[in-house]
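Please examine the sequence and the structure shown here. The explanation after them deals with helix packing and with enclosed and open spaces.

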Amino acid sequence: MTTYTEILLKARPTGGPIGADLFDVVTKTMPTPADGEFVVKQTHMSLDPAMLGWMSPDTESYIPPVELGTVMRGSGIGEVVASNHADFAVGDKVMGMFGWTEYLLTTGAGINKIDANIDPEMALSVFALPGLTATKGLYSIGQPKAGETLVVSGAAGSVGSIVGQLAKADGLRVIGVAGGKEKCDWLVNELGFDAAIDYKSDKLAEQLAELTPNGIDVYFENTGGPIQALVYNRMNAHGRIAVCGHIADYVAAKPAPGPNWMNIIRKRLLIQGFTMPDHFHEAPDLLAKLTPYVMQGKIKYRAHVLDGIESAMTGLNLFFTGANKGKLIVKF
Ligand SMILES: NC(=O)c1ccc[n+]([C@@H]2O[C@H](COP(=O)([O-])OP(=O)(O)OC[C@H]3O[C@@H](n4cnc5c(N)ncnc54)[C@H](OP(=O)(O)O)[C@@H]3O)[C@@H](O)[C@H]2O)c1
């Protein structure tokens with residue numbers, strides 16, 4: 001191949017669905033690595049809800065926005081296809097923030113080799129951002145204890161499904177909140193959750209009360225939305241809430257109001273937001289915690305795979321309609 005495709009962010013989202021109008025699809029000439037450089041062919045690219053935030057002009061967030069006219073930010077897995085670098089050989093499997101591009105010329109900064117035996121879909125679905133996020137939020141903030149009750153929203157998603165399975169393996173009662181019967185059935189029948197609430201059709205307050213007779217000790221928040229206040233009001237004394245995501249508000253014209261802080265005092269709650277870029281240096285410890293659960297077959301996942309780099313431009317919408325079933329990945 002002498003040319004390849006990369007995708008630049010051309011315009012910022014204005015509230016509607018994400019589409020090709022926000023991007024420039026550019027054809028590039030294949031580079032030749034100079035001394036100390038190598039070329040990666042990206043094979044699998046992760047799509048993440050956070051990408052919408054990265055496209056926005058918000059400079060107050062945890063990571064700077066993607067500059068207009070530059071390659072859209074993204075992480076992925078690839079293979080070294082040409083190398084003039086002492087530490088990276090042709091054939092090495094690597095992971096890093098490659099961006100929305102089929103090929104990347106790099107010096108290797110921020111790029112790590114990965115075990116060639118691990119299936120790339122599993123690597124992105126479990127050992128990359130979803131597993132690191134689930135492990136960090138659950139153990140550092142959630143502090144789960146056997147016998148406690150945990151509720152996780154966005155439960156059928158890539159982060160939420162791992163949170164629930166870890167908690168289940170640790171002996172907690174686990175209630176997932178997800179959209180639609182198919183996802184709720186998957187949580188209970190395939191992943192072994194104790195119960196699941198379909199926030200789109202179940203009677204939320206009644207269901208939650210029925211399924212959490214002893215209150216809630218840990219809440220892993222992935223979505224915001226109406227479930228938030230209901231869970232907040234059922235938190236037990238000394239409960240912990242890990243605030244990981246708020247997808248219900250990412251595309252809302254007006255973010256929902258937060259809960260009254262009174263309960264935080266009455267119940268002595270710990271509520272903490274976290275974002276993984278603050279914690280990537282902890283990845284070896286987080287993987288050491290997560291990997292045994294995976295090896296024991298306690299973590300199942302499903303990947304939702306789109307075909308070809310250009311599918312990323314509309315693929316992001318699947319997060320906001322809930323049409324993604326599992327970790328959203330673009331395969332090149
Ligand atoms: N803090 C961090 O470092 C970090 C890292 C990774 C992810 N996150 C956050 O964690 C959350 C989950 O991410 P993920 O990658 O695992 O995505 P995901 O859960 O696989 O996909 C997003 C899901 O959100 C649900 N959703 C969309 N709109 C919703 C709404 N209005 N109300 C309730 N649920 C809604 C949909 O599932 P349903 O079909 O169930 O509605 C959709 O499938 C996101 O909020 C993301 O931003 C945070």
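The paragraphs below consider three helix pairs, and then a cavity and a pocket. The coordinates come from a predicted model.

Helix α3, residues 129-142, is a convenient starting point, beginning with its packing against helix α4, residues 158-169. The axes of α3 and α4 lie 8 Å apart, and the angle between them is about 50 degrees. An angle that is neither under 35 degrees nor in the range 65 to 115 nor over 145 counts as oblique, and α3 and α4 are therefore oblique to each other. The crossing of α3 with α4 is right-handed. On the α3 side, the contact is formed by Pro 130, Gly 131, Thr 133, Ala 134, Thr 135, Leu 138 and Tyr 139. These meet Ser 158, Val 159, Ile 162, Val 163, Leu 166 and Ala 167 of α4. Classified by residue type, the contact of α3 with α4 comprises nine nonpolar and four polar residues, with no charged residue.

The next pair joins α3 to helix α10. The axes of α3 and α10 come within 9 Å and cross at roughly 95 degrees. Because angles of 65 to 115 degrees count as roughly perpendicular, α3 and α10 are described as roughly perpendicular to each other. From α3, the residues in this contact are Gly 131, Leu 132, Thr 135, Lys 136 and Tyr 139. Their partners in α10 are Ala 283, Leu 286, Leu 287, Lys 289, Leu 290 and Tyr 293. The contact of α3 with α10 has seven nonpolar residues, two polar ones and two charged ones.

Helix α10, which covers residues 283-295, also packs against helix α2, residues 120-127. Here the angle is about 120 degrees and the axes are 12 Å apart. The two helices, α2 and α10, are therefore oblique to each other, and their crossing is right-handed. Met 122, Val 126 and Phe 127 of α2 make the contact with Leu 287, Leu 290, Thr 291 and Val 294 of α10. Of the residues in the contact of α2 with α10, six are nonpolar and one is polar, while none is charged.

The remaining features concern empty space. Rolling a probe the size of a water molecule over the atoms reveals where such space is left. How many cavities of 30 Å³ or more does the structure hold? There is one cavity of that volume or more. The largest cavity has a volume of about 40 Å³. Its lining consists of Ser 125, Gly 157, Ser 158, Ser 161, Trp 186, Tyr 301, Arg 302, Gly 326 and Lys 327. By class, the lining of the largest cavity has two nonpolar, five polar and two charged residues. Ser 158 thus belongs to this lining and also to the contact of α4 with α3.

The second largest pocket contains about 200 Å³ of space. Val 243, Cys 244, Gly 245, His 246, Asp 249, Tyr 250, Pro 255 and Gly 273 line the second largest pocket. Four residues of that lining are nonpolar, three are polar and one is charged.

Definitions and conventions. Residues numbered from 1 in each chain as written. Predicted model: local features only at pLDDT ≥ 70, side-chain atom pairs only at ≥ 80, totals over all residues. Heavy atoms only, no water. Axes fitted to C-alpha atoms, helices over the stretch in contact; angles between N-to-C directions. Helix = DSSP H or I, 4+ residues; strand = E, 2+ residues; numbered from the N terminus. Left-handed = near helix turned anticlockwise from the far one by under 90°. Contact = heavy atoms within 4.5 Å. Nonpolar A, V, L, I, M, F, W, Y, C, P; charged D, E, K, R; others polar. 1 Å grid on protein atoms, 1.4 Å probe; cavity = no way out; pocket = protein on both sides within 12 Å on 5 of 7 lines; lining within 4 Å. Points joined across faces, edges and corners; volume = space filled by probe spheres on them.
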